[in-house]
Structure formats: structure tokens, C-alpha cells
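User: I am a first-year student, and I would like to understand how the terms used for a structure follow from its values. Could we go through them step by step, starting with the one shown here?

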Amino acid sequence: MTAVLTDEKIPNNVNLGGDKRLQRALEAWQPHFIDWWKAMGPLGWQERDIYLRTAVSVETDGWAHFDYVKMPDYRWGIFLEPKQDGRTHGFGDHYGQPVWDEVPGEFRNLLRRLIVTQGDTEPASVEQQRNLGATAPSLYDLRNLFQVNVEEGRHLWAMVYLLHTYFGRDGREEAEELLARRSGDADKPRILGAFNEPTSHWLSFFMFTMFTDRDGKYQLSALAESGFDPLARTCRFMLTEEAHHMFVGETGVQRVVKRACELTKQDGSGDPRKLGGIDLPTIQKYLNLWYSLSLDLFGGEVSSNAADAFAAGIKGRYKEDRYDEHKLVGSHVAMDVLDGGKIVHKDIPMRNALNEVLRTEYIKDCQRGVDRWNKTIKDEGVDFELRLPSNKFHRQIGMWAGLGVTPGGEQLTVSSFVARRGEWLPNDADERYIKSLMQPVYEPGKMASWIAPPAKGINGLPNEFVYVRL
Ligand SMILES: [Fe+2]
Ligand SMILES: [Fe+2]
């Protein structure tokens with residue numbers, strides 16, 4: 001494989017120096033990225049030393065280097081998994097044929113759209129999270145926030161590399177646009193809905209990294225199967241970093257849940273809010289919110305775009321090689337669909353159902369996380385169970401959008417749903433309460449009242465380690 005060149009302006013393992021035109025183009029984009037980072041990245045922390053992990057290769061052992069770094073000096077690099085000789089299309093109409101190293105003309109627009117949509121989510125989440133540093137519950141969490149942020153920045157680099165390398169002038173223009181859109185902006189919003197929602201406090205941050213970053217895992221996994229080989233190799237390495245983001249989310253929520261249980265037992269009336277904690281029913285509401293927003297990211301239940309991308313060999317299924325059949329011509333799957341306002345079970349051509357197939361894998365993965373949270377609650381001896389709501393609850397994209405389905409799956413009239421919405425989703429009072437708890441704790445090893453300490457520190461270091469130098 002190509003050696004990693006970390007002393008270049010842009011660290012990379014793609015022999016960037018061997019393509020001077022591309023190198024110059026990316027070096028011209030780099031200061032625009034840094035300007036964006038300084039304007040829209042973590043507010044108020046740019047000059048601090050943060051103990052961060054930096055990708056320096058794609059070797060499974062030792063791909064990361066840990067040290068203090070000021071975020072604007074972070075070494076954002078371009079890393080692709082090594083090319084596998086003789087790799088062939090693993091699915092779709094070109095199944096068994098050699099994969100592509102260049103973009104086939106007929107699929108250029110489709111590929112560009114997928115890459116831009118994925119790329120847009122990366123800076124969007126950094127923008128959504130930019131104010132959180134002011135209210136971190138501990139230095140450990142503060143560092144994890146910044147770790148996630150710089151890696152989302154690197155994921156943007158990964159997509160911009162593809163745009164610059166394979167899409168000519170269009171690609172360069174798209175790369176500029178990726179720095180011009182702004183999360184939540186009325187005129188220039190980010191492309192996908194969940195990436196325009198504010199992540200205004202740490203409970204939402206943990207839910208976001210649990211549920212929304214996990215959508216990222218499934219999208220990247222489907223693109224990691226791609227017959228456009230550079231995309232597959234890029235996404236494979238991104239998944240390595242993504243695992244940590246979901247770890248931050250799952251263990252973050254788990255620690256809030258644990259603290260909720262401890263305080264429920266401590267307070268005579270069983271109300272953790274009296275002791276500065278977050279109660280389990282409120283945690284459930286934020287779970288409902290971020291899970292349903294994240295389900296939307298998979299797109300429509302029945303989708304010709306999904307069918308086209310699969311047929312073209314561009315976007316596959318999660319772990320395609322677990323399946324026996326990879327062309328899916330003439331095969332069907334039974335799923336819930338809306339027919340004359342009623343929910344019915346019906347056979348749908350498999351290729352058109354692939355968004356739903358991917359979403360179903362995602363739901364199973366989310367359930368495993370929720371099971372672990374419930375184990376924490378049980379171990380604490382508290383009688384409560386967290387649940388994933390119905391996949392038809394609070395949807396804004398696809399067949400179930402605006403239907404008025406309860407978390408339990410019951411279909412209400414839209415007006416009765418709206419009247420009861422605050423029972424299931426965070427209401428203004430919940431949001432005010434959670435925000436009132438968000439007071440920064442910057443003393444090494446100390447935690448805010450509403451969260452339990454982590455089981456262990458980062459990179460084998462103790463919880464008391466100074467993860468961020470103030
Ligand atoms: Fe990412
Ligand atoms: Fe992520």
C-alpha cells in the first residue's frame with residue numbers, strides 16, 4: 001500500500017504529491033476549510049490544547065496518534081483503505097464485473113448527489129454542536145465533543161477529495177458549496193432535515209451521536225459496498241472513526257440513565273429533578289425525538305432512487321456479503337405500506353424497498369443499545385423501561401409523514417396527536433429544564449450533577465486526566 005505522508009500540507013495515503021493539479025486544487029480549498037472551521041467550529045476553544053486522536057494511517061493496529069493539539073492545527077488528512085486487487089461488483093446489474101476506478105458517465109449525477117449528501121452532513125453536525133463547549137459536564141466529555149467534531153471535519157475532507165478527484169469543475173463547485181451552506185439557515189440550509197435541528201444541549205448531543213451518527217454508520221456501510229471503488233475505500237476508513245462517535249452517544253446516554261436511577265432512589269419522592277438530575281420519562285422523550293428524526297434520514301420506504309443506486313452498483317445493503325442473492329431481480333419483500341389511508345402489509349419489489357431494508361438493520365442496532373440502557377436501569381433496581389417508538393411515530397419523510405401515530409403505533413387523528421405531542425416529545429418546559437442543568441464542569445475528574453462518570457478514561461488514561469487544558 002501507499003505510505004502515509006504526514007509531513008505534507010495535507011496528510012494522505014493516496015499519493016497526492018503524484019498529481020500536482022489535484023494537490024494544488026485541494027491546497028487551495030484547505031484555507032477555505034480552515035476559515036469555515038474557525039467561523040463555524042467549536043466556539044471559544046480554538047486556542048486551547050485538546051487531547052485528540054489523529055488518524056495517521058489505515059493500519060488496524062496503530063492507525064491513530066493521541067496528543068495535545070489546538071484544533072485549527074489538527075492534521076485533517078485523506079485516508080483510503082488499500083485497494084484490493086481483483087475486487088468485483090458485489091451487487092446490482094454489474095454483479096461479478098470488475099469495480100470502477102473512474103466514474104462511469106451514466107452514473108455521474110447519481111454518484112455526485114450521494115457524495116454531496118453524505119458530505120453535507122459532516123460539517124452540518126459540527127455547526128449544530130458549536131456552542132456545546134460552553135456547558136460541558138466534564139473535561140472528558142468536552143474532549144469527546146471536540147474529537148467527534150474534528151473527525152466530522154475529516155469526513156468532509158474525505159468527500160471533498162472524491163469531488164475534486166473525480167468530478168472536475170462540478171466537483172470543485174460542490175466542495176465550495178459544502179462550506180457555504182449552514183445548519184438551520186433559512187436561505188442556505190443543510191440538505192437533510194435532522195442536520196438543521198439545533199443540538200442545543202448535551203442530552204441532545206448524546207442522543208444525536210447515538211442515533212444520528214448511527215444513521216451515518218449505515219449509510220457509510222451501504223456506500224462501502226460500492227462498485228465505485230474509491231468511494232468504497234473512503235467509506236470503509238470513515239467507519240473506523242464513526243465507531244467512536246456512537247460510543248460517545250451510547251455511553252453518554254447510559255451515564256445519564258445511570259445517574260437518573262441513582263437520584264430517583266435518593267430522592268424521597270422518587271423525582272431526580274429535585275436533585276439536579278434528568279428523569280427517565282424525559283430521557284424517553286429525547287430518545288423519541290432523535291430516533292424519529294434519524295429514521296427520516298433513510299428516505300422513503302418505497303424508493304426508485306434506492307432501486308437505481310442498487311442497480312447501478314453504487315449503494316448496496318449493510319454487509320452485502322451476508323446475503324446469498326445480490327441482484328434482487330424479481331424478488332419481493334413484505335412490508336407495511338399506506339393504502340387508502342390504512343396501514344396494510346404488502347409485497348414490494350425488493351430493489352424499491354432497500355431504504356426500508358437498511359432502516360430495519362439500523363433499528364435492530366438501535367434496539368441493542370436501548371437493551372443495554374435497560375440493563376443499567378435494571379441493575380440499579382429501578383422499575384422503568386426505555387423503548388424505541390414505532391417507526392411510524394413523528395415521521396416527516398416517507399409514507400408515515402404527518403400521520404399522527406403514537407409511540408406505541410396507534411394511529412390518531414392529526415389534531416389529537418398534536419394535542420398530545422408534549423407527552424411524547426420534549427415540550428418547552430422540558431427543554432427549559434434541561435438547559436437549566438447545563439452548567440460547565442471543568443475541574444479534572446469532576447462530573448455535572450445529572451451524569452455518572454465514565455467507566456474508564458480515553459486511551460487508557462484516568463478520568464482525572466486533563467483532557468482539555470484551560
Ligand atoms: Fe461523519
Ligand atoms: Fe460521526
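User: Which residues line the largest cavity?

Analyst: Before the list, please keep in mind that this is a predicted model. The lining of the largest cavity is made up of Ala306, Lys315, Gly316, Arg317, Tyr318, Leu354, Asn355, Val357 and Leu358, and helix H9, which spans residues 354-379, gives the largest share of it with 4 residues.

User: What makes this space a cavity, and what is its volume?

Analyst: A space is called a cavity when a 1.4 Å probe fits inside but cannot get out. The count of such spaces of 30 Å³ or more comes to 1, and the volume of the largest cavity is about 80 Å³.

User: How do the residues of that lining divide into nonpolar, polar and charged?

Analyst: The lining of the largest cavity has 5 nonpolar, 2 polar and 2 charged residues. Gly counts as polar by the rule used here, and Gly316 is one of the lining residues.

User: What is the volume of the largest pocket, and which residues are closest to its centre?

Analyst: The largest pocket holds about 780 Å³ of space. It is lined by 37 residues, of which Thr117, Leu192, Gln219, Leu297 and Phe298 are the closest to its centre. By class, this lining consists of 14 nonpolar, 14 polar and 9 charged residues. Helix H2 supplies the largest share, 8 residues, while H2, H5, helix H7 (280-296) and helix H8 (304-311) each contribute at least two.

User: How do you know which residues hold the iron ion (ligand 2)?

Analyst: An N, O or S atom is taken as a donor to this metal if it lies within 2.8 Å. Glu152 (OE), Asp213 (OD), Glu242 (OE) and His245 (ND1) coordinate the iron ion (ligand 2) at 1.8 to 2.2 Å, so these atoms meet the cut-off. Along the chain, these donors follow the spacing E-x60-D-x28-E-x2-H. The pair Glu152 and Asp213 links distant parts of the chain, with Glu152 in helix H3 (residues 139-166) and Asp213 in helix H5 (residues 202-224), 61 residues apart.

User: Why is the site of the iron ion (ligand 2) called irregular?

Analyst: Four donors would count as tetrahedral if all angles lay between 85 and 135 degrees. The angles among the 4 donor atoms of the iron ion (ligand 2) run from 91 to 172°, and therefore the tetrahedral condition is not met. The site is classed as irregular, and, as water is not among the atoms, sites may look incomplete.

User: Which residues coordinate the iron ion (ligand 1), and which residue bridges the two ions?

Analyst: The protein donors of the iron ion (ligand 1) are Glu122 (OE), Glu152 (OE) and His155 (ND1), at 2.1 to 2.2 Å from the ion, with the sequence spacing E-x29-E-x2-H. Here Glu122 in helix H2 (residues 108-128) and Glu152 in helix H3 form a pair that links distant parts of the chain, 30 residues apart. Glu152 coordinates both ions, and the iron ion (ligand 1) and the iron ion (ligand 2) are 3.5 Å apart.

User: Why are Glu122, Glu152 and Asp213 called buried?

Analyst: A residue is called buried if its relative accessible area is under 20%. Glu122 has a value of 2%, Glu152 has 3% and Asp213 has 5%, so each of them counts as buried.

User: What makes His164, His244 and Ile377 buried, and what do they touch?

Analyst: The same cut-off of under 20% applies. His164, which lies in helix H3, has 9% relative accessibility and is therefore buried; leaving out residues up to four places away in sequence, His164 touches Leu22, Ala25, Leu26, Trp29, Arg172 and Ala175. His244 belongs to helix H6 (residues 229-266) and, at 11%, also counts as buried. Beyond four places in sequence, the contacts of His244 are Arg53, Arg143, Asn144, Gln147 and Ile458. Ile377, in helix H9, has 0% relative accessibility and so is buried, and, with neighbours within four places set aside, Ile377 is in contact with Val257, Cys261, Leu280, Val382, Phe384 and Leu386.

Note on methods. Residues numbered from 1 in each chain as written. Chains lettered and ligands numbered in written order. Predicted model: local features only at pLDDT ≥ 70, side-chain atom pairs only at ≥ 80, totals over all residues. Heavy atoms only, no water. Donors = N, O, S within 2.8 Å, 3.2 Å for Na, K, Ca; no water. Tetrahedral: all angles 85-135°; square planar, octahedral: opposite > 155°, others 65-115°. Buried < 20%, exposed > 50% of the residue type's maximum accessible area, 1.4 Å probe, protein only. Contact = heavy atoms within 4.5 Å. 1 Å grid on protein atoms, 1.4 Å probe; cavity = no way out; pocket = protein on both sides within 12 Å on 5 of 7 lines; lining within 4 Å. Points joined across faces, edges and corners; volume = space filled by probe spheres on them.
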